[in-house]
Amino acid sequence: MELSTRSQKIDSLCTLIFENSGEAILVTDSNGKIVQANPSCLSLFEYTLDEIVGQEVEKLIPTELDQIHKAHRKNFINSPENRKMHSGLSLTGIKKSEEKLCLEIGLSYVKSENEFFIICFISNVSNREKWLSKIRYQQKLLKTYLSVTHSIFLILGSDERIIMLNKVGSTILGVSEKEAIGKNWFDQFLPVDEKNSIRDFFKKMINGEVEDTNTHENHIINSEGEKRLIEWNNTVIRYKNGVIEAILSNGVDITEKRILEDAKKEALIIGQEMERRRLAQELHDGLGQAISAIGLNMNALEPEIENFNLRFKTIYADIKARLDTAYEEIKAISKNLTPKILEDFGLEKALEYLGETIDQSTNVELHLSLHGDLKNLESKISLTIYRIVQELISNALRHAHPKNINIYVTRGKDNILLIVEDDGKGFDPKKPTTGLGISNLKSRIELFKGKLNIDSTAKGGTSISINIPL
Ligand SMILES: Nc1ncnc2c1ncn2[C@@H]1O[C@H](COP(=O)(O)OP(=O)(O)OP(=O)(O)O)[C@@H](O)[C@H]1O
Ligand SMILES: [Mg+2]
């Protein structure tokens with residue numbers, strides 16, 4: 001191809017690029033006079049070509065920046081180079097309508113013996129700037145919120161390391177935010193006996209296998225080795241393409257609240273036991289003694305009985321028998337209220353005695369199966385187990401009308417397992433109830449950090465298992 005034809009082709013290619021570029025292009029001469037502007041540039045500043053050709057480039061800049069710009073322009077002509085104007089900063093331009101623009105400008109030049117042209121490549125970044133300032137504002141708000149909230153905010157990456165921890169979190173953990181970042185959360189801040197199960201759950205969340213909709217509790221260990229109980233809510237953070245990137249956890253320190261709740265529960269149970277003792281004493285000493293006195297008076301009548309007629313004798317015998325039964329019943333109720341047998345002979349004997357009484361007084365067959373050493377249990381635990389068995393037997397008898405009740409109590413190495421089963425009518429444990437028995441029982445179990453499981457259906461049969469760590 002001939003040189004002149006080739007250069008013609010390149011010329012027309014350049015014109016094509018100039019005319020169709022989405023980026024605004026402006027050309028000035030060495031005096032800062034506008035020589036050429038492409039259509040994108042004209043539409044950006046809202047001028048026609050005729051309106052700006054021959055004008056100083058400062059026409060496109062706010063008046064207050066005129067002088068500074070002229071100085072920069074001179075400097076550029078003295079030592080021209082291809083570069084971005086004030087790299088990193090956004091510059092201000094002005095439209096014909098006087099609306100201001102945020103611009104990013106690249107500079108270039110063409111120099112020949114007697115001519116010098118400056119070429120400006122102009123990008124309008126007004127929208128980007130607006131968004132950036134919105135984002136900066138939101139970030140500031142978020143930072144303020146995170147510093148004034150009473151909750152811990154923690155972000156863990158999929159590698160288990162801390163990405164973010166707010167001020168509350170670092171205060172509770174006793175480490176600065178800087179120290180915490182990058183540390184493995186599980187190895188550094190969780191107690192050995194809890195970390196594996198929590199780690200497993202974390203992995204499942206990261207792998208997208210479980211959605212976490214519940215509140216969780218677990219302990220953390222702060223820099224002084226102190227355990228704190230935290231209630232957490234977790235949310236996954238996803239990349240734009242949906243892949244899970246991190247877990248955001250929001251935690252509240254409930255250590256003191258839980259101590260208070262436990263103390264309340266314990267006080268309630270102690271109160272109940274005291275009330276039972278008082279009732280038992282009153283029954284025994286009041287009503288029991290009164291019946292006993294009536295019995296003695298009746299005994300005093302005994303030598304005279306021969307002198308009375310048959311009807312009188314029958315009524316006398318009936319009253320005496322009923323009086324004996326009433327006295328026995330009061331004794332039994334009183335014993336149940338304060339299981340003295342439990343204090344004197346331990347859980348095993350107390351449960352056996354309870355079983356025998358039920359066997360004798362009902363048509364229900366009660367099977368008791370006891371394993372392990374139940375004699376040397378802490379009195380608090382044996383009383384708890386005894387009360388639970390009492391309530392569950394009473395529930396089965398009152399509500400289920402079963403033929404059989406099975407009770408298994410097994411003392412393991414570090415736990416005690418209790419199962420009470422009946423073959424009665426069953427029930428829906430989720431159904432609201434006005435009864436107090438099961439909720440009292442739950443409070444007792446929670447005090448010992450135990451677990452309760454009710455397996456029952458309206459089709460029949462109930463099995464309730466309770467596991468209490470020792
Ligand atoms: N073994 C069971 N078989 C069938 N239904 C049961 C059984 N245990 C409990 N229920 C049902 O659950 C309800 C709640 O039991 P809970 O012990 O809390 O209260 P309650 O026995 O009704 O009253 P309270 O124990 O306060 O005297 C009962 O009313 C009963 O409907
Ligand atoms: Mg009950």
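A residue counts as near a molecule, and hence as part of its surroundings, if its C-beta atom, placed from the backbone, lies within 6 Å of it. In this predicted model, 15 residues surround ligand 1. Local features need pLDDT of at least 70 and side-chain atom pairs count only at pLDDT 80 or more, while totals for chains, interfaces and linings use all residues of the predicted model. Residues are numbered from 1 along each chain as its sequence is written, and chains are lettered from A and ligands numbered from 1 in the order in which they are written.

**Ligand shell**
- The closest residues to ligand 1 are A400, F427, G435, G437 and I438.
- Helices and strands are DSSP runs (H or I, at least four residues; E, at least two), numbered from the N terminus.
- α14 (379–400) and α15 (437–447) each supply at least two residues of the shell, and α14 gives the most, with four.

**Nonpolar core**
- The largest nonpolar core (buried Ala, Val, Leu, Ile, Met, Phe, Trp, Tyr and Cys residues joined through C-beta atoms within 7 Å; buried means 20 or more other C-beta atoms within 10 Å of a residue's own, all placed from the backbone) has 24 residues.
- I385, I388, V389, L392 and L418 have the most contacts inside this core.
- α14 gives the most to this core, with seven residues.

**Antiparallel sheet**
- An open sheet of five strands runs in the order β8-β7-β11-β10-β9, with antiparallel pairing (strands pair if DSSP finds at least two bridges between them).
- β8 (162–165) and β9 (216–221) are the edge strands.
- β10 (227–238) and β11 (244–253) pair over nine bridges, and N234 has S249 in β11 as its bridge partner.

Technical notes
Buried ≥ 20, exposed ≤ 12 C-beta atoms within 10 Å, placed from the backbone.
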